[in-house]
Amino acid sequence: MSSEESVRLAAGDVELTVSPQNGCRVASLSIGGTEVLRQGDRYGCFPMVPWCGRVRNGLFHNGDVAHQLPLNSPPHAIHGTGRDTAWRTARTAKSEASFTYDLAEPWPYTGRVTQTFELAEDSLTLAMGIETYDTSFPAQAGWHPWFRRNLGSGEDARVEFSAAWQEQRGEDHLPTGQRIEPRPGPWDDCFGMPDGVSVTLTWPEQLELTVASRAEWVVIYDEQAEAVCVEPQSGPPNGLNTHPQLVTPIEPLEIATTWSWRRL
């Protein structure tokens with residue numbers, strides 16, 4: 001990807017690269033010369049918007065109106081449309097940037113999504129908002145970072161968190177509606193943290209990084225050898241149907257997450 005297609009932020013020896021043309025994803029986060037995100041056009045850290053995770057059979061309702069989404073992960077629709085969309089660069093500075101895109105087909109409602117990045121020497125804050133001046137609709141937002149399991153030397157990352165519950169996962173990979181005691185990994189599972197998301201990744205003798213958010217939901221996915229995903233989001237998978245949060249002309253949907261780190 002050429003430099004014209006990327007936006008680079010810096011704070012001390014920390015560098016962040018955002019690719020607005022590729023779903024406004026974080027393509028790279030380098031801390032002291034060490035890349036912490038899995039590389040590749042599908043990876044980095046992408047926004048999940050206007051829904052997170054899977055929507056059962058791609059079908060959701062807004063009141064009594066049914067909508068069918070494309071089945072991009074048959075038999076379900078997954079991870080929204082924002083990651084497949086070119087975003088507009090609204091503002092850039094040395095360590096801050098913001099981007100927007102307007103909701104469009106196949107999403108059936110109008111609205112605007114804004115994503116902002118604020119980089120510091122010891123943290124990255126991402127924020128996202130969905131607003132509309134038209135018909136209200138259910139939506140979700142969150143992030144899907146692919147953290148490298150191994151930073152190239154030393155031990156693999158360790159994952160630590162304390163959840164109030166785990167969403168029981170059915171054979172279709174969607175929550176059954178039952179909450180169970182959190183179980184040991186490997187995971188492709190959603191956890192409830194009513195006091196806010198807090199998950200720490202530790203690469204022994206290298207780096208400790210904590211993903212925090214005021215959101216109550218996080219999906220943790222570590223079934224691939226290359227990466228560990230810690231995904232704070234505004235609702236659980238299939239939440240358009242089970243936990244609808246309405247975006248209205250007077251109430252946008254807003255979510256933020258901060259990754260903070262220290263070197264070991």
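In this predicted model, strands β2 and β3 form a hairpin with 5 residues between them. G23 lies in the turn and has a positive phi of about 75 degrees. The two strands run antiparallel and are joined by 6 bridges. Strand β3 spans residues 25-31. Within this pairing, E15 stands opposite S30 of β3.

Strand β2 also pairs with β1, which covers residues 7-11. Here 5 bridges join the strands, again in an antiparallel arrangement. The hairpin of β1 and β2 has 2 residues between the strands. In this hairpin, G12 adopts a positive phi near 60 degrees. Across the pairing, A10 stands opposite E15 of β2. E15 therefore faces A10 on one side and S30 in β3 on the other.Strand β2 itself, residues 14-19, is mostly covered. Of its 6 residues, 5 are buried.

A separate site was examined in strand β11. This strand comprises residues 96-102 and includes S98. S98 has a relative accessible area of 10%. The cut-off for a buried residue is under 20%, so S98 counts as buried. Contacts of S98 were considered without its neighbours within four places in sequence. Among the residues that remain, R88, T89, A90 and R91 are in contact with S98. Q115 and T116 are also in contact with S98.

Conventions. Residues numbered from 1 in each chain as written. Predicted model: local features only at pLDDT ≥ 70, side-chain atom pairs only at ≥ 80, totals over all residues. Heavy atoms only, no water. Helix = DSSP H or I, 4+ residues; strand = E, 2+ residues; numbered from the N terminus. Buried < 20%, exposed > 50% of the residue type's maximum accessible area, 1.4 Å probe, protein only. Contact = heavy atoms within 4.5 Å. Pairing = 2+ DSSP bridges.
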